[in-house]
Each structure stands twice: as C-alpha cells, then as structure tokens.
There are 4 protein chains.
Amino acid sequence: MRTIELLSPAAAAAGNTVPLAKGVASLDGLDVVFLGLPHQASMALAPRLVGQVGCVVDLSAAYRLRDASLYPRWYGFEHDQPELLAAAVYGLPERHREALAGARLVATPGCYVTAATLALAPLLDAGLLHRRGLIVDAASGVSGAGRAPKPDTTFCAVDEDFTAYGLLDHRHTPEIEQNLDAQILFTPHLAPMNRGILATCYARPADGAELSTASLLATLRDAYAGEPFVVVIDGSPSTKATLGSNAVHVTARYDSRTGTVIAIAALDNLTKGASGGALQSANIALGLDETLGLPLVGVAP
Amino acid sequence: MRTIELLSPAAAAAGNTVPLAKGVASLDGLDVVFLGLPHQASMALAPRLVGQVGCVVDLSAAYRLRDASLYPRWYGFEHDQPELLAAAVYGLPERHREALAGARLVATPGCYVTAATLALAPLLDAGLLHRRGLIVDAASGVSGAGRAPKPDTTFCAVDEDFTAYGLLDHRHTPEIEQNLDAQILFTPHLAPMNRGILATCYARPADGAELSTASLLATLRDAYAGEPFVVVIDGSPSTKATLGSNAVHVTARYDSRTGTVIAIAALDNLTKGASGGALQSANIALGLDETLGLPLVGVAP
Amino acid sequence: MRTIELLSPAAAAAGNTVPLAKGVASLDGLDVVFLGLPHQASMALAPRLVGQVGCVVDLSAAYRLRDASLYPRWYGFEHDQPELLAAAVYGLPERHREALAGARLVATPGCYVTAATLALAPLLDAGLLHRRGLIVDAASGVSGAGRAPKPDTTFCAVDEDFTAYGLLDHRHTPEIEQNLDAQILFTPHLAPMNRGILATCYARPADGAELSTASLLATLRDAYAGEPFVVVIDGSPSTKATLGSNAVHVTARYDSRTGTVIAIAALDNLTKGASGGALQSANIALGLDETLGLPLVGVAP
Amino acid sequence: MRTIELLSPAAAAAGNTVPLAKGVASLDGLDVVFLGLPHQASMALAPRLVGQVGCVVDLSAAYRLRDASLYPRWYGFEHDQPELLAAAVYGLPERHREALAGARLVATPGCYVTAATLALAPLLDAGLLHRRGLIVDAASGVSGAGRAPKPDTTFCAVDEDFTAYGLLDHRHTPEIEQNLDAQILFTPHLAPMNRGILATCYARPADGAELSTASLLATLRDAYAGEPFVVVIDGSPSTKATLGSNAVHVTARYDSRTGTVIAIAALDNLTKGASGGALQSANIALGLDETLGLPLVGVAP
C-alpha cells in the first residue's frame, strides 16, 4: 500500500484549495485516502477523489448527516451533494459493518457520537427505551478541541477546571439523533485531561418495558458479542482504561427507584473516537483484518 | 473568640472516643465548635456539646437528614437522636438564613448537595419544574474523597481519567431530595482536578409551565438578589472561576426542542461546598457579618 | 486610595501608546501606579509618570538591570534612560527594604530571579560560596509564560510533559547575576501546573569554607529572621505549599561527599514572584504595613 | 514461548516466599522470567532460577551494583551473592549489548540511571568531561513511586506541585556513578504527571578540552549511530515526546560563558526506564530482534 501525505495542515487551515486541486491527480489509484480537513474543504475535495481512489475516509462532518437540510442549521453551510451524502457509508462498524465492505466513501462519526451511539443503540434496538427525552451528558479531554491554540484551551485555562460548553446546540446532536432515531439533549463538558470521552446517558423505559440492570447488561452483551473493540463491563467505565487503544467500554444500570436507565460509554476520542475508528472502517472497506494496527490495550497510567 | 483544636484526625479516624470524652469539658463556653469527624463520631459527640457551647457546626452527615429512617439505608447506621435531628438547622443560608440566626446545632450540607440545591431550588419553588424524574449529573475534584490515601485517588489512578462512581446509590441522593422535595437520580463523576464541583441538572417543565431561558434566568436572579455568594451568570459556570472562594455560579437554559430544563451550578467543594459554607452558617448563627473571612474572589489560574 | 485601570491589555499588546499618552494626565496625583506592560511600553510610559504619581511599580524588566549595556544582548533593545535606571529601586524587600521606603520607581524582579536570589544570597553574603560556576536549575508552572495562547502552552502541549527551555540564554540570567554578584548558569523548565517556581541551586564552597547542612540552615535563618514572607525549612520546599500566598520557602544542604551546596527556594510565581512582590514593595514605598493584602497561607490542595 | 504469571503482587509485597519457593519448579525450562519484586525478594529467588530458565531479567536493584559493599549503605541490606553480582549483566544495551547476548541474569537499570547514563556516558567516554562534580538534576512522573497508595502520591498531594526529594542520598546515585566512573550529585524531583523522566545534567570540561555545542552533539551522534532507541536532537528533549515509547531523546549544550556542559535526556520511566528496557535486554539475551514489541512512537498528546 503506497501512502502519500499531500496536504499540509497549514494549507488546509488556510482553506487554500489550489494545491489540493493540483495534488488530487497524484492520488489516483491509491487504495485509501484519509481526509482530515475542515468540513467544507472535505466537501470540495471528496467528489474529485471518490472513484479515483479505492476508498475515501473522511474525518470531517461533511458526509455524516443523511439529511442535507440539517447542515445549514447545525453547521452553517449548504450541502449541495445529495448523491454523495446518500452514497457515503457511516463509519461505525458496530452498526454498518456490511455496508462498509467495499465502501468508496466513509464518513467517520464524531467522537461524542460514537460514545453515545454505542451506549444507547442496542437498548433502543431492543425496544427497551422511550425514544424521546434522552439525555447525553458527556465529558471530553482537550484534544477534542483541535490543535490550534485558543484562549479556552491553554493549560492555565483548562487545568483545574470543569465546565459545560455548547449548551443546547452542539453539532453532534443531530448526528446522535440520526444514529439512534431518537430525540436527544446533548451536553458536552471539558475535562482537564488530554484524551478521553465519557458519555453518561439517561433514558426512560419504553412503555411497558420491564427493566433491570441485569437485562440491560445482557442486551448490551448480546449486541456486542464478537465485536473486537466493544467491551461490556459490570463496573463503571473509565476513560483512562481506554487511553491509546481503540476500545470502547460500556455499561448500563436501571434505577427502579426513579424509573431511569443509565448507559455509559468510555473511549479515547483520538482513537476509537476519530482516527482509530477511521482506520477500523478503512480496514473493512479494503477487505483487511478489521483490527489491523488497532490496539485493544492502551497506555497506563 | 478562643479557638481550641482538640481532636487529632488520627484519633478521630481510629474512632477513639476516650480523648473526645475527656476533652469535651475543655470546650465548655466556647462560642463555636466545628466538628470535622466521621458521621458516627459526630453523633457521639454533638449531644454532649449542644448547650455547652454557643454553636456546634457539624460537617458530617450526622444531622443532615430530617427523616431518621433514611440513615440505615443510605449510611448504614441507626440514628437514635430524633430530637437533635429535629433541632438541627440545615446550614444552607440561602435556604435557611432565618433559622440559622442563633442556631445551637448546624448541619453543614454535602458538597454535591449544595450545588444541586442552589441550581434547582428557585426553579422548583417557582413551580416551573416537574418534581419527578430530575437528574443531577455532577463532577467533582479529588479532594472530595478525603485526605487518606486510597488506590482510587492516587495521582496515577486519577490523572487523565474521568469516570462515574456511586451509580444509583450515592449518599447525597436523599439529601438533595429532601432539600428539593423532588425525586432525583444523582450521578457523580471524578474529574482529574484538586477542587471543584459542577452539577449539571436536568428537569422537565411542570405541567402547563411556559418556559424560556430568559424566564429561568430571571427566576434565579430574583431568588438570589442580595445573596452575597451566589452569582447568576448568562454563560456556562466553571469550577475554576470559584476556586478558593465561597462563590457559587449558577445558570439555566430551556431547550424548547426537547422540552428540557438545564440548571448548572459550580462551586469549590472545600469552601462553599464544605468549610466555607460552614463558616458562613457559623457567622449567621453567632450574629456576625455573614461574609466574614469568606472570599468572593479565588485563585486564578 | 483611588484606583484607575487605564490601559486595556489589548491596547498594550498592540503597542498603542496614543491612549496611554492621553490617559497619563488622568493618573496625576495617584499614590501608586502598577505597570503590567511589555518592557518597551513600560519604558515609554514610566518617565512621564515618575514624579507625577506617588510611586510607579513596574512589573516588566525595563528597570531591573543596573547596567544599561545588558539590554541589547538579553532583551534586544537599547535602554536610553540611564538616570531612571539608576534611580529605580529593585523591588525585593528582603534585599532593599530601606531603599524602597519612599521609592518613586520600583522595578519588580523576575519570578525565577526572586527564587534564585532568596535561596543563594545569604550564603554568598556570608562568604560561604564560590562566586563562579553556580547553577540555577528551576521549574515553573505555565502561568509564567503569560496569558496569550501559544502552541507551546496549550493544555495538550503541556500536560504530562516536562521539558527545559531557554537553554543558556534565558533573560533572567543577568538579573540573577546582578543580584548575587556571581556567575550563574540558569536552566528553566516548564512543569505541567498552573503556578509555582522551584529553584534548585548548586554551588561549590568558597575556598577554605567549612560547611555543613546545619551551618547553611543557620545562615539562612539568621538572614531571614523577622522576614514576614520567607520561611526557612528543614524539609524540601514544595511549590504547592506556597500556592496563592506571598510566602517563599527555602532550605539548603551541604553534600560533603561531592563538596556541593544545594539551596532550594519555592514560591508562587504570580504572588511573591510577581504581583505579590510588587504589592509588598508598594506597601513599603508608601509607608504602609508591608504585609497588607498579602496572605502567608495559600490554597491547599 | 510459554508465559506464566506466578507471583501475585500482594504475595510479593508481603515478602511471602513460600509460594515462590513452591512455584519455582514450575518455571523450569522457560525461555525468560521477568522479576518485578522488592530487592530482597529478587535476591532470594534469582539464585534458584538462574540456570533453570533461559534468562532471568530482574527489575529490582538486587544485581545492579557491581560492588557488593555499596548495598548496606544505599539499600540497607547486605548482599551475600558476590558470584551472582559478578555474573549479572547490566541491562543497558547501549552500553553492554555484546555481554547481553546469551546472558543468564540481567539487572535492569534504574529509571533515572538510564536517563543520566545515556546523556553523559558518550561525553565522558570521549574524554570531554571532568569526572568530578557532575550534577544530575532530574524530574520524574509519579508512576516512578510505584502503585501502592501513599500520602505523598495522592492526586491532591502531587497535582500542582513540584518538589525535590531524596536530597543527597537517592539510591540511584551509586548506580549512576558506577556506570559513568564519575562522581555525581543526584537530585530527583517529583513532577505532576504520570510518566516521564527528564535528566538535566551539568559538568565541567575535562582539563584542556575545547568544547562547543556542535562538538558535543557530534559526539552524541557518533556514539548513538545505529542505536534503535536513542535519538539525538538539536532541540530540547521533552518527556511527552517519548511517552509510551521505548525512545530516549538526548541533547547537549556547551555554555562558553560559564564553561559548563549541559546534557539532557528524556525517556518514559515505565518503558525505556523500566519494562521497555527490560524487554530490549531480553530480546538481545534470547537472540531475538532487539526492537521486538517495543514502539519508537508513543502516544500524543
């Protein structure tokens, strides 16, 4: 497999598409191209690459939302590629493994979205949860905010601080809702750590559902039997236990006192939550072993 | 004002009540005694002190719960002092300032409880929120776990980690429910920082309530007008903004899309969440200026 | 005492001296003006203020170095105010308390400089140390790098990292040498914390000096007897023990095995290392109680 | 290769040698046994294993010091196995690669020792440095202190703190001196991070040596040409750049102003500084590829 690193981050940040345009031809025939670009830069480039290379794996949000009409509201731009949106395969193997085989364009999910989706989807699939009023309360390490220095992400701003952000309107909201076919309120928080996402999700039982912690855990275990990277645990997931690995740890509880389901997922936002997940999807798209290059065991402490 | 530090932490930890018993006489006539002891050590000592000293301010949970029957379930011991429970004044000045004046026994609230109560109480008082199905999702710095070294609180265990604990059964649950006269599911998390609590609370509107973010903020501002330590903010509260001070920062949002109220409070768990709150209550009990010795401005960064 | 906050940081950063020039008149007659500006902005403003206000306390390096010829080499600009350099009083009360009384222009020392000077000066004064080949190896929290976001001070760059910087040529070198009348090699390091400086200093004994740890500590204790903010300790100084306070903790050891003296100082770079030290000097300059507004006890943990 | 995990950490901590004695027979014939035990537990076990298994790689200090007479002073116990001490090969491949081939007993170096040795040894070998008066000033992450909870290693004790410890008498001192055949003063510090060691070393030039930064770097580059894990860099080594990898980053400077050499090394104390280095030595002892299982690229951020 040849690899070419075509685009400097600086060029991408400057929105400078001339070198991209010039360079695209040199990518012809590659097995796979990963795009780590601003949303609109991906959207400008992907149509030229799809079909020219074996598989385009996009890490932006440009091809994540099925419904093009959501882009203006949540991302502030019009999406004018309905065919490519429809053709893109959502890069969450635990949900779309079959479609990923041979995919030409993969949309890698958002980091929070992967955590929330893997915590809740099997419980919704099994008809256990009410589809309205779900809450995803999550915390992320600072690397989720990108590399560029900003006032909010200096060491002195973040260290010893815990705070919510993006109240009511974080862009991962519609993506979680799309994955779960449910109504979600999503509240992200910034935690003083480099990596890691913990999503603590709350839901009410579906009408008539008889729930227990044991049945919730059994449902998760059934759903993820055979999954190489999802680990259902009895204890409480810890972001650190997944640091540097492609693993996701999930658990669930039923609180009979208040009639509430809690489902929790932990992952590393830079591996399973981004590039690790992208690689997992690419492996599948290319017919390789799905776990190639993806550790299950990370770094501790 | 005389001060005497009578009890070594080691003696208290060992549950060694002999020196306590011997030493109590030496406390007679003091204006105020602060008890920073295990719950049952406080319960053994307080009855001997109340009446002998001007005011006993207890920082344990021994006198926090009005309903003695809750102690076996949530704390694992029987409470056999119903009169003292009834006589104790709950040390949250924003809710019980009048009763605190001249109080002989003050029960300082739990750190999480103070945050959740101050975020939600005015909205419940105003009849804006449904009293069932409330969720308090909170994160705390490590000092909330006490000073004793434990496997879960070593630097290498905590740093770069974010995790939930006490799922479904944290002891602050009944205390929050008591304060709010509402049903609460409480999920605490441990964040890699020394100090600080952020409580992110979710509720549904009361039947028929017409809500907006503006009306929620106005309700909070009305309730806390004149409060020296509660600051209602439009932005998102940050634990670090309260570090080392006795301040509480609160805000609220109404998400009309999902019909959910979010109320958030940030405080320093060691000041307003514990000893600062205890001092504020003591100031009131003793007829002193409520803000004596309590900074509104903390340490940054 | 009136206070006026005249200059926005943004204006200062932009080097925009027009508003400064306009605003200077409004400062006339103030008891004290603190300048927290870039070196050359201070140098432009101070001459207009000295004499117009009671005392100018400058926190930049503009008036720290007695020898104007050092500025081009270490700071990259010419210093054209030899009279003001000569008139400025160096704002380290432990060394210049008498001169500070009534001072019209105070040059607040650099943060590392204060630590290194207070660790070593009494030992040099007593003739115990060789004046050549001293080493100051120090670590600082990130707030020492200022508030502006930079690639090197983002949370993700700094957290979990320890690294040296400014090898051989950090600007505090000539200032330490000036204070100690000795030859210094200074190596600063960046530690993943908000505040704090620890200076670990190495020196050889003066020719013929008979040293012991006890005699070094006794020399420090004699020198700092009566000092309100310098605490000589037998143990190992910890930056955290000084966090948020104006205290400096110092100790010393003599290693008879290798014939080396170690002197260590810890302080909070934002209090005693900067604004706290500036306030201490201002208190003296204005004839106020030296400790006014300056805590000896900080925040823990 | 079979692997057996014989000894629970708890059993080892309790010094319980009965299960060890019973279990040793089950290890017979293994290719390699790694001992991660207290010094004296290793010393009790190693003689029974050497010869019974292919290679014993000990991670304690039991076989690090050639001179048995150093043990009582620095470790507090007598060493009664002079033959095994003499037979053990010191597990620093960059210094003892040939002797490691086929070694039956490997003594893995201390974490600080590896850093200091790799920074200084080539410069001493080349005759550039004076062999007396060297200073090794180093900082370590908290994992260097082991897993057991202690008052000094709780999160609240360590976070936001930087402090020296083991002044004058840290046990790695004689080991560094042995490796370098030089006199060393070693001062370790504890930094608020999980992993990483940075050793900043100071030395004077050998008599008559004409030094420059360029010549020091060239000497390091020559010495480490072909080394798979040592990277000589022009910049300033950062612990984080080595996190999770087996890499060591080294640099050097000559300060002509003060006539001082600075040599700096950064590594991850848990990989190259301990288990990674042990694995590297085992690979060589067993005739495997030296880099097997050892990453050069770690985790960032």
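Copies of a chain are superposed here by least squares on the C-alpha atoms of residues with pLDDT of at least 70 in both. The structure is a predicted model, and a good place to start is how its chains relate to one another. Two copies of a chain are related by a rotation about an axis and a shift along it. For chain B and chain A, the rotation is 180 degrees and the shift along the axis is 0.0 Å, which superposes chain B on chain A with an RMSD of 0.0 Å. That is the relation of a two-fold axis. Both copies use the same surface, since 100% of the contact residues of chain B recur in chain A.

The contact itself can be taken apart further. Chain B contributes 38 residues and chain A contributes 38 residues. On the side of chain B that touches chain A, the elements giving two or more residues are the strands β5 (134-140), β6 (163-164), β7 (184-190), β8 (197-203), β10 (248-255) and β11 (260-267), together with helix α8 (155-158), of chain B. Sorted by class, this side of chain B holds 20 nonpolar, 12 polar and six charged residues.

Chains C and D can be described in the same terms. A turn of 180 degrees, with a shift of 0.0 Å along the axis, lays chain D on chain C with an RMSD of 0.0 Å. Of the interface residues of chain D, 100% are also interface residues in chain C, so these copies meet through the same surface.

Turning to the single chain, chain A has 11 helices and 11 strands. Its radius of gyration is 19 Å, close to the 19 Å that the globule rule gives for 301 residues, so chain A is as compact as a globular protein of that length. The C-alpha trace of chain A spans about 65 × 45 × 40 Å along its principal axes.

Within chain B, one helix pair deserves a closer look. Helix α7 (residues 111-125) of chain B packs against helix α9 (residues 172-180) of chain B at an angle of about 25 degrees, and their axes are 9 Å apart. Angles under 35 degrees count as roughly parallel, and α7(B) and α9(B) are therefore roughly parallel to each other. Their crossing is right-handed. From α7(B), the residues B:Tyr112, B:Val113, B:Ala116, B:Thr117, B:Leu120, B:Ala121 and B:Leu124 meet B:His172, B:Glu175, B:Ile176, B:Asn179 and B:Leu180 of α9(B). Eight of the residues in this contact of α7(B) with α9(B) are nonpolar, three are polar and one is charged.

Notes:
Residues are numbered from 1 along each chain as its sequence is written. Chains are lettered from A and ligands numbered from 1 in the order in which they are written. This is a predicted model: local features need pLDDT of at least 70, side-chain atom pairs count only at pLDDT 80 or more; totals for chains, interfaces and linings use all residues. Two residues are in contact if their C-beta atoms, placed from the backbone, lie within 7 Å. Helices (H or I, at least four residues) and strands (E, at least two) are DSSP runs, numbered from the N terminus. Ala, Val, Leu, Ile, Met, Phe, Trp, Tyr, Cys and Pro count as nonpolar, Asp, Glu, Lys and Arg as charged, and the others, Gly among them, as polar. Axes are lines fitted to C-alpha atoms, for helices over the stretch in contact, and angles run from 0 to 180 degrees between N-to-C directions. Angles under 35 degrees count as roughly parallel, over 145 as roughly antiparallel, 65 to 115 as roughly perpendicular and the rest as oblique. A crossing is left-handed if the near helix is turned anticlockwise from the far one by less than a right angle, and right-handed if clockwise. The radius of gyration is taken over C-alpha atoms; the globule rule is 2.2 Å times the number of residues to the power 0.38.
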